[in-house]
Structure formats: C-alpha cells, structure tokens
Amino acid sequence: MNTALLWLMSVVPVVLMQSSSTTWDKIKAEYVSLYDAYSHASSPDSSTYHTIVPRSDATVPLPVSVRFELFSIGGFDAVDGALNLIGSLNMSWKDETGNFPNSKTHEVDTVIVDYSSVWTPVIVMVNSADSVSRVGDSTYKVRFNLRTAEVNWKPRMIAKVACEPDMTYFPFDQQNCELSFTTWFQNRSILTLTLGSSEWNLDNYDVNGVWEIEETTAEISEVGGYDYAMFTIKFNRNLMYFVINLVFPVLLLSLLSGFVFILPAASGERVGFGITCFLSFMVLLQTIMIYMPQT
Ligand SMILES: *[C@@H]1O[C@H](CO)[C@@H](O)[C@H](O)[C@H]1NC(C)=O
Ligand SMILES: *[C@@H]1O[C@H](CO)[C@@H](O)[C@H](O)[C@H]1NC(C)=O
C-alpha cells in the first residue's frame, strides 16, 4: 500500500511535467507552422508576406466583417463640429494562407500573434477630424483560429469624428454623427466589407452625463469601387441638466417679479424690488451665455 502510494507520488509529477512540456512543444509547432506559411522561403528572417491578401481564389474578393463597439462618448464640440469617442473596431475575416484551415487537427485552437506577422486589413476612418491613419497598431494582437482559419482583430481607437452640429432646437437638440470606414487602396474586387450587425455593440458602454444615445445604425455602401462601412449614431442632450439650471430659475424669477404688485404701494419698496428682480435676470443671463453654444 505504502509503496504503491510512493510510486504514485513519484510518477504523477513526471507525467505532469511531460504533458506540459509536450503541450508547449505542440503550441510552438503551431506558431512555427503559421509563421512558416507567411515567411519568405529564401530568407526566413526577413519580412513576411503579410501584405498579400490571403485569398485562395484571386477572382473572389475577401469579405471582412466589421462591427463598431462604443465604450464612451468623450464629448461633443458644437463649435468645431467634432465628436470624441472611445471605441473599438471588431474585424473578422478568413485567412486562407498556406494550409489554413487544414484537415489536420490542431493541438491549440487559437494563437495570438502580432498584427504585422499575418495579413490584416488596412481600414481607415475617412471623416476623422484629426489624423487619418489605419485602424489598429502593434498594441493590439490578432487572434488566429487555426481550426477554422477565422481571424479576429479588435483594436481600440480614440476617435475624433467630424460631424455637423445642429443647434436649431437647443437645448432640445439631437445630434447625428457618422463614422465612415473604408478599405484603403483595395477596391471591391479585392476586399469587401460586411456587417457583423446592423447596430453598434453597446455592451460595454459607459453612460455619458450630458448625452443620451437615441439610436445606432450601421450600413455598407459602395462609392467609386470601394466599400464604406457607415456607423451612424443619434444622440440627444440630457434635458434634466438644463431644466434644473436654466428653465427652472427663469420660471421662478418671472413668477417672483409678478409679486411686485402684492407689495403695498405705500411701503415704497416696489421700485427696489423690481430692480432687484431685473438684476437677478441679468446675472442669470450671464450664466446662460456660458452654457449656450456659440453656434
Ligand atoms: C467580433 O466579431 C466576431 C465576428 O462577427 C464575433 O464572433 C465576436 O463575438 C465579436 N467580438 C465582440 C467582442 O464583439
Ligand atoms: C479595382 O482596381 C483595379 C485596378 O487597380 C481595376 O482593374 C478594377 O476594375 C477595380 N475594380 C472595381 C470594382 O472598381
């Protein structure tokens, strides 16, 4: 009994070590096979073929599925006409480089690689109010499923979107902004965009104190041979803030100035009270000017 236990105790760690080391080797082999599919055969240490679109059939464009996820609205600048937001663009496509997917059962499902090791779509936000550069950088790794060859890349972005402000009904205004993404220098015969969903992903959205989201939509349109993914957001001003800070004081002061007639004419305070009410209005107007957008 005792010897059997001792034997078990000495064997179990060995078995564990062995299985973990073989797993590591197998995972390493998966990475090697992925990098091999991408590297130049002649000079393995030089740059890879990551700029070639991974299609098995060059007459069929590669569809890239996109969906915008919103994390928060940083603010809306009514004077510059810009909406600041933090979000991420979820991009998915099928990579048919080399022998992915192949019939061989893979030891691991997913490998996580740098975006420059495999092909990634060059997608830019064309109506950006600051810089127009491709979505995603080396901070964000690519998730490569070896069994299905599905690749998923979800880089975050801090975007400043040019957006025409509509202040006609301030403070009951509704703003309508659009994020427009397109495939850079690869037209519809090479890359097409598809939608993961007709709405934005708001699962991780942090509610904004000033703005309330009314509606989010997404659609694909074609302009000059290129696919554009348009993500539209409609948002309203949160009214409570203005009701408490503007509408309420104005109503109260108007009501109060009416009380001037209740004062007995003999007391001689009517003029003083009237002037005080008007001065209060002046102070309130000054405050309102700060809230009012210049547009
Ligand atoms: C990203 O898109 C893919 C494909 O549409 C989907 O399977 C995945 O769940 C999405 N991820 C998130 C976090 O929305
Ligand atoms: C895409 O561009 C190529 C040349 O760069 C052109 O031959 C082809 O007609 C274009 N396709 C579309 C759908 O515009």
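How many residues lie between β5 and β6 in the hairpin they form? In this predicted model, the answer is four, and one residue of the turn, alanine 149, has a positive phi of about 65°. The two arms of the hairpin, β5 (residues 142-145) and β6 (residues 150-153), pair in the antiparallel sense over three bridges.

The pairing carries on to the other partner of β5. Strand β3, covering residues 110-113, runs antiparallel to β5, and four bridges join the two. Phenylalanine 144 is a handy landmark here: this β5 residue stands opposite valine 111, and in β6 its bridge partner is valine 151.

Turning to the ligands, ligand 1 sits among Ser65, Asn90, Ser92, Asn152, Lys154 and Asn201. Sorted by type, that shell comes out as five polar residues, one charged and no nonpolar. Two asparagines make polar contacts with ligand 1 through their side chains: a polar atom of asparagine 90 lies 2.5 Å from one of the ligand's oxygen atoms, while for asparagine 201 the corresponding distance to a ligand oxygen is 3.4 Å. On its own, ligand 1 exposes 360 Å², and the protein buries 47% of that.

Ligand 2 has Asn187, Ser189 and Gly225 around it. Here too an asparagine side chain comes into play, with a polar atom of asparagine 187 placed 2.3 Å from an oxygen atom of ligand 2. Taken alone, ligand 2 has 370 Å² of accessible area, of which the protein covers 29%.

Note on methods. Residues numbered from 1 in each chain as written. Chains lettered and ligands numbered in written order. Predicted model: local features only at pLDDT ≥ 70, side-chain atom pairs only at ≥ 80, totals over all residues. Heavy atoms only, no water. Near = heavy atom within 4 Å. Polar contact = N/O pair within 3.5 Å; in protein donor to acceptor, adjacent residues only side chain to side chain. Areas by Shrake-Rupley, 256 points an atom, 1.4 Å probe, with all protein chains shown as cover. Nonpolar A, V, L, I, M, F, W, Y, C, P; charged D, E, K, R; others polar. Pairing = 2+ DSSP bridges.
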